[in-house]
Amino acid sequence: MDVEKILPETALKLSQNPHRISSGEREKVLEVAIGREVRAFRKQKEITVAELAIMTGLSIGMLSKIENGNTSPSLNTLQTLANALSVPLTSFFRRFEEQRSAVHTKAGEGVELEREGTRAGHQYNLLGHIGANSSGVIVEPYLITLSEKSDTFPMFQHGGIETIYMLEGKVDYRHGDEVYPLVPGDTLFFDADAPHGPEVLVELPARYLSIISYPQSLSGA
């Protein structure tokens, strides 16, 4: 993919690598999870590795191996670290024990619902939902279907970021002062705080994915 074609005036620097192993397979390794907790507690208390070595009697090299997940510390070693850092021994295992949720929605089994501001003939199917989670982000994926009975209403407005991926039909979709003609395969990615919505239903039925993401702090608003 040519990033320059997407943003010709901006050099886009991606902060996430979807293919990296460290946040996936390595996160499952107990030693890595323990090491991250030891480092996090040490930094939280503003203790250097050298200072922690003096406090625990462990060598700097051994502490580095533990923090980098390159060794499996004994329970005695972990208890020594817990005492030095003034934390419960079990706190070193918290990330390893955290549950990671996944929602599998079979074809045709999305929950049909009415969102606030929904217009006549706009069918919303919620494809899955994960509540409070470690990412701090709520994501709502919808499959939206528009038919001959659908109203046009280019004035939806809510917090967060929204991504639309066109599956079927054609619509002219407004976002703020701009109108974008969407055909199957097109994507529209935008700040959902600006007024937006389908302005002209060009070819029906029309179906598109709408994925809305926003901070958990806004979920109760």
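1. Of the 221 residues in the chain, 32% are buried. The model is a predicted one, and the values below should be read accordingly. The accessible surface of the chain amounts to about 13,900 Å², and carbon and sulfur atoms account for 52% of that surface.

2. The secondary structure consists of six helices and seven strands. Along the sequence these elements follow the pattern α-α-α-α-α-α-β-β-β-β-β-β-β. Among contacts between residues at least 6 apart in sequence, 66% link residues that are at least 24 apart.

3. Helix α2 covers residues 30-44. Its 15 residues, at 1.5 Å a residue, should span 21 Å. The C-alpha atoms at the two ends are 21 Å apart, so the expected span and the model agree. The buried residues in α2 are Val32, Ala33, Ile34, Gly35, Glu37, Val38, Phe41 and Arg42; Glu37 and Arg42 thus appear in this list alongside residues such as Val38 and Phe41. Just after the helix, Glu46 adopts a positive phi of about 55°.

4. The largest nonpolar core contains 20 residues. Within this core, the residues with the most contacts are Leu146, Ile164, Val171, Tyr173, Leu182 and Tyr208. Two or more residues each are contributed by β2 (122-126), β3, β4 (161-175), β6 (187-191) and β7 (196-215). Strand β7 provides the largest share, with five residues. In soluble globular proteins, nonpolar side chains tend to be buried together.

5. Leu182, one of the residues with the most contacts inside the largest core, merits separate mention. When residues up to four places away in sequence are not counted, Leu182 touches Ile164, Met166, Gly169, Lys170, Val171, Tyr173 and Leu188. Ile164, Val171 and Tyr173, which Leu182 touches, are also listed among the residues with the most contacts in that core.

6. A second core, separate from the largest one, has 18 residues. Its members include Leu63, Ala84, Leu85 and Val87.

7. On the surface, Val137, Val139 and Ile211 form a nonpolar patch. Together these three residues have about 190 Å² of accessible area. Val139 lies in strand β3, which comprises residues 137-146. Is Val139 buried, exposed or partly exposed? Val139 has a relative accessible area of 37% and is therefore partly exposed, since that class lies between the limits of under 20% for buried and over 50% for exposed. Strand β3 accordingly holds a member of the surface patch, Val139, and also gives two or more residues to the largest nonpolar core.

Conventions. Residues numbered from 1 in each chain as written. Predicted model: local features only at pLDDT ≥ 70, side-chain atom pairs only at ≥ 80, totals over all residues. Heavy atoms only, no water. Patch = residues over 30% accessible without salt bridge, like charges linked within 9 Å, V, L, I, M, F, W, Y side chains within 5 Å. Areas by Shrake-Rupley, 256 points an atom, 1.4 Å probe, with all protein chains shown as cover. Salt bridge = Lys/Arg side-chain N within 4 Å of Asp/Glu carboxyl O. Helix = DSSP H or I, 4+ residues; strand = E, 2+ residues; numbered from the N terminus. Buried < 20%, exposed > 50% of the residue type's maximum accessible area, 1.4 Å probe, protein only. Core = buried A, V, L, I, M, F, W, Y, C linked by side-chain atoms within 4.5 Å. Contact = heavy atoms within 4.5 Å. Expected span 1.5 Å × (residues − 1).
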